[in-house]
2 protein chains.
Amino acid sequence: MLHYLEEELEKLKEKIIKMGSLVEEQIDNSFKALFEGDLDLAQKVISRDDEVDKFDVKIDKHCQRIFALTQPVAFDLRLIMSSLMINSDLERMGDISVNIAERVKVLLGQGELLRKMIVDDMSVKVKKIVKMSIDCFVNGDAELAKSIINFDEEIDRLDRKIFDLLTEEMRSNSDLIVPCCHILALVRNIERLSDHATNIAEDVIFLIDAKMVKHSKDPENLKPKE
Amino acid sequence: MLHYLEEELEKLKEKIIKMGSLVEEQIDNSFKALFEGDLDLAQKVISRDDEVDKFDVKIDKHCQRIFALTQPVAFDLRLIMSSLMINSDLERMGDISVNIAERVKVLLGQGELLRKMIVDDMSVKVKKIVKMSIDCFVNGDAELAKSIINFDEEIDRLDRKIFDLLTEEMRSNSDLIVPCCHILALVRNIERLSDHATNIAEDVIFLIDAKMVKHSKDPENLKPKE
């Protein structure tokens, strides 16, 4: 039975890693489609969401099966619980990549405006934080996870800066009100990607350190160890 | 052992119901603070988030304890799994009520604009869908849960209508660009409340019908039975 559990947990971990790669690819492609105005690539992201959804259901069912057939404790139990939560965050990140892809059409030809509003800077930072969150799960790296939680604040600052840039731009040119509003909605989506990455990081810390850091206000919990 | 499991599941269900009431109250108060420009009430919502966070951790730990000490199957297993997911959605709805409360200050004195942009209509609909999602868990009502999933589309339509109203308003009066952008960001938050309510509804259907309807494109899965 112990051997069975070990094997199932290994398979579960592999599934989460594959789901992570798939969602990362969806996010990368949605940004590429946005900045290059590539409608075909945007459509590909939208169509591929089915694959993400199927993976999500598969992982949920796998967790359910392991719970029903074994009685995991300690690390094993935390691995299944965090897999459930991480899977849910990844699936929602997949949905957000679809939201981004769906906005490519209305923002077609606005590449210059997107760059002026530093949306590309934000996308680079968010792609990094998403990659880090998946890496920290793959490598069981709680220290990397802790650094993500601090990084999220940087994204929030950028988010506020873009808000100011957008309102300024709209005030100086009323023809840009509609595209700027689309960018504002887009940026809210991008910011949510970083929130989900933070959730994943918190789940990894729970998995490795057996400590729930979510809602923790103690900076010692969040600072990477020297 | 079976008796122990039953008792623990009952306690878990009670905790989720209490968490649901608390989050519902937070959402109601954040809207009240927004429309009445009540900064004290907004501050109360922000301060009370700690209570929501503590409840969230308590429920997570309770689920972990039940898993570690028993080997639940079938409905019992689904109840714990869905409690974990519902708890996570409720906690994020609590965070959104804080986001709404935090925006009360910048929208002070904009009650008329908020009503013109039909944000109050949207808040009424979203409060209803949130209440329904909690009720369907409390009463184990899968049919009510299915009607929520259809209701969510109505909110999306309202969301798009508000987007058009806002851009129109900004074009006709550039002094309103900043408050309208705050409203746009606010509406994105309100819309997310309805997404979380839909997630809860899907979890209730999984709990009651043992069927994963998330990502389902089959309308038969979603339609309330005649």
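1. A helix here is a DSSP run of H or I at least four residues long, and a strand is a DSSP run of E with at least two. On that footing, chain A of this predicted model has 8 helices and 0 strands. Reading from the N terminus, its elements go α-α-α-α-α-α-α-α.

2. How compact is chain A? Its radius of gyration is 19 Å, close to the 17 Å from the globule rule for 226 residues, so chain A is as compact as a globular protein of that length. If you like to think in box dimensions, the C-alpha trace spans about 65 × 40 × 20 Å along its principal axes.

3. A word on the inside of chain A. Of its 226 residues, 41% are buried. Take the contacts between residues at least 6 apart in sequence: 80% of them join residues at least 24 apart.

4. Now to the pair of chains. A turn of 180° with a shift of 0.0 Å along the axis lays chain B on chain A, with an RMSD of 0.0 Å. The two copies are thus related as by a two-fold rotation axis. To find that axis by eye, look for Gln71(B): its C-alpha is the nearest to the axis in chain B, at 2.8 Å. Both copies use the same surface, as 100% of the contact residues of chain B recur in chain A.

5. Which residues build the contact? Chain B gives 27 residues and chain A gives 27 residues. On the side of chain B that touches chain A, two or more residues come from each of helix H2 (39-69), helix H3 (74-102), helix H6 (142-172) and helix H7 (177-209) of chain B. Sorted by class, that side of chain B holds 17 nonpolar, 6 polar and 4 charged residues.

6. The largest nonpolar core is worth a visit too. It has 121 residues, and those touching the most other members are Ile183(A), Ala201(A), Ile183(B) and Ala201(B). Setting aside residues up to four places away in sequence, Ala201(A) touches Ser133(A), Cys136(A), Ala145(A), Ile148(A) and Ile149(A).

7. Finally, please look at Arg188(A), in helix H7 (residues 177-209) of chain A. Is Arg188(A) buried or exposed? A residue is buried if 20 or more other C-beta atoms lie within 10 Å of its own; Arg188(A) has 21 such neighbours inside 10 Å, so it counts as buried. Beyond its neighbours within four places in sequence, Arg188(A) is in contact with Ala185(B) and Arg188(B). Phe137(A) lies 51 residues from Arg188(A) along the chain, and their C-alpha atoms are 25 Å apart.

Key:
Residues are numbered from 1 along each chain as its sequence is written. Chains are lettered from A and ligands numbered from 1 in the order in which they are written. This is a predicted model: local features need pLDDT of at least 70, side-chain atom pairs count only at pLDDT 80 or more; totals for chains, interfaces and linings use all residues. Copies are superposed by least squares on the C-alpha atoms of residues with pLDDT of at least 70 in both. Two residues are in contact if their C-beta atoms, placed from the backbone, lie within 7 Å. The radius of gyration is taken over C-alpha atoms; the globule rule is 2.2 Å times the number of residues to the power 0.38. A residue is buried if 20 or more other C-beta atoms lie within 10 Å of its own, exposed if 12 or fewer, and partly exposed in between; C-beta atoms are placed from the backbone. Ala, Val, Leu, Ile, Met, Phe, Trp, Tyr, Cys and Pro count as nonpolar, Asp, Glu, Lys and Arg as charged, and the others, Gly among them, as polar. A nonpolar core is a set of buried Ala, Val, Leu, Ile, Met, Phe, Trp, Tyr and Cys residues joined through C-beta atoms within 7 Å.
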